[in-house]
Amino acid sequence: MNLSLKGKRAIVCGSTQGIGKAIALMLSKQKANITLVARNETKLKNVLKELDDSDNQQHNFIVADFNDPDKLKAHINTFLSEGYNAEILINNTGGPPAGQIMNAKKEEFDQYISMHLHCSHILVKALVPHMKKSKFGRIVNIISVSVKAPIQNLGISNTVRWAMASWSKTLSFELGKFGITVNNILPGFTLTERLKDLINANAITYHKKEKEIEDEYKLEIPSARFANPEEIASATCFLCSNEASYINGINLPVDGGYSATL
């Protein structure tokens, strides 16, 4: 199996930590040129040094805050005007905080719909013309296993993730004939700062110790453990390769069997 992405450029959002960073590192090992996207320039520079460049890849980064879609649009337009483009787009944005949906405010829904759906759409509209011309494109959205079934105490996140999944499926109908695939990776409980925050929030909500929450989660996972970010990255890299050219419009859980749905 040949997973090489030599000659391709991948834009990886949220790539200074967790799953996004793992994806960027793994794609670089498959010889892709990487454009990191995140809001912290210092962290971006540090990750840039970690990327594999053994095949003389040319890596760079874009400093962008997804709380400001207009500025993101300006940044990606500047990127294109400087002669860059990309055949691979990894949409990956930090999840909304934990909390019950009845406690959610309208402004919070607006904020996270904007950060996830609106910003992803801005990037897709900017990059798809080049993908069409290249007759090759890979759009992979890192969402959540909650797309299969809502997770308790993640009211806003469940809502936003489903919106992203529906948007993605619709895109797959429209773009497939151009050699562009659009797929979703649905991570289960993964060893990231996000998981730590969720466990802490649930411990507070349900008046339990964090270790109790952690053990309860593991009891629901057939693999009886949490994922490493690299395991999510491996599935993502496969979907970006030529080997996955006939996989389009799917939701792929990478969750150790957590989801009870088929």
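## Helix packing and nonpolar cores in a predicted model

Thr16 lies in the loop between strand S1 (9–13) and helix H1 (18–29). The model is a predicted one, and in it Thr16 is buried, with a relative accessible area of 15%. Apart from its neighbours within four places in sequence, Thr16 is in contact with Lys21, Ala38, Asn40, Lys43, Leu44 and Val47.

Two helix pairs can be set side by side. Two packed helices are described by the angle between their axes and the distance between the axes.

| Helix pair | Angle between axes | Distance between axes | Crossing |
|---|---|---|---|
| H1 and H8 | about 50° | 8 Å | right-handed |
| H3 and H4 | about 20° | 10 Å | right-handed |

H1 and helix H8 (229–240) pack at an angle of about 50°, which is above the 35 degrees under which helices count as roughly parallel and below the 65 degrees at which roughly perpendicular begins, so H1 and H8 are oblique to each other. On the H1 side the contact involves Gly18, Ile19, Ala22, Ile23, Met26 and Leu27, and these meet Pro229, Glu230, Ile232, Ala233, Ser234, Thr236, Cys237 and Cys240 of H8. Sorted by class, the residues of this contact are ten nonpolar, three polar and one charged.

For helix H3 (69–81) and helix H4 (106–134), the angle of about 20° falls under 35 degrees, and the two helices are therefore roughly parallel to each other. H3 contributes Pro69, Leu72, Lys73, Ile76 and Leu80 to the contact, while H4 contributes Ser114, Cys119, Ile122, Leu123, Ala126 and Leu127. By class, the contact of H3 with H4 has nine nonpolar residues, one polar residue and one charged residue.

Ser114, which has its place in H4, counts as buried because its relative accessibility is 14%, under the 20% cut-off. Not counting residues up to four places away in sequence, Ser114 touches Pro69 and Cys119. Ala22, a residue of H1 that takes part in the contact with H8, is 92 residues from Ser114 along the chain, and the C-alpha atoms of the two are separated by 24 Å.

In soluble globular proteins, nonpolar side chains tend to be buried together. The largest nonpolar core of this model has 48 residues, and those with the most contacts inside it are Ile11, Phe66, Ile76, Leu89, Ile139 and Phe189. At least two residues of this core are supplied by each of S1, H3, H4, helix H5 (155–175), strand S6 (180–187), helix H6 (193–205) and H7, and the largest share, eleven residues, comes from H4. Ile139, leaving aside its neighbours within four places in sequence, is in contact with Leu89, Asn91, Val124, Val128, Met131, Leu175, Ile180, Thr181, Val182 and Asn183. A second, separate core has 31 residues, including Leu27, Val47, Val140 and Ile232.

Two loop residues other than glycine have a positive phi. Lys135, in the loop between H4 and strand S5 (137–142), has a phi of about 55° although it is not a glycine, and Lys135 counts as exposed at 67% relative accessibility. Ala224, in the loop between helix H7 (210–219) and H8, has a positive phi near 60° and is partly exposed, with a relative accessible area of 49%.

How values were computed:
Residues are numbered from 1 along each chain as its sequence is written. This is a predicted model: local features need pLDDT of at least 70, side-chain atom pairs count only at pLDDT 80 or more; totals for chains, interfaces and linings use all residues. Side-chain values use heavy atoms; hydrogens and water are left out. Helices (H or I, at least four residues) and strands (E, at least two) are DSSP runs, numbered from the N terminus. Buried means under 20% relative accessible area, exposed over 50%, partly exposed in between (1.4 Å probe, protein chains only). A nonpolar core is a set of buried Ala, Val, Leu, Ile, Met, Phe, Trp, Tyr and Cys residues joined through side-chain atoms within 4.5 Å. Contact means heavy atoms within 4.5 Å. Axes are lines fitted to C-alpha atoms, for helices over the stretch in contact, and angles run from 0 to 180 degrees between N-to-C directions. Angles under 35 degrees count as roughly parallel, over 145 as roughly antiparallel, 65 to 115 as roughly perpendicular and the rest as oblique. A crossing is left-handed if the near helix is turned anticlockwise from the far one by less than a right angle, and right-handed if clockwise. Ala, Val, Leu, Ile, Met, Phe, Trp, Tyr, Cys and Pro count as nonpolar, Asp, Glu, Lys and Arg as charged, and the others, Gly among them, as polar.
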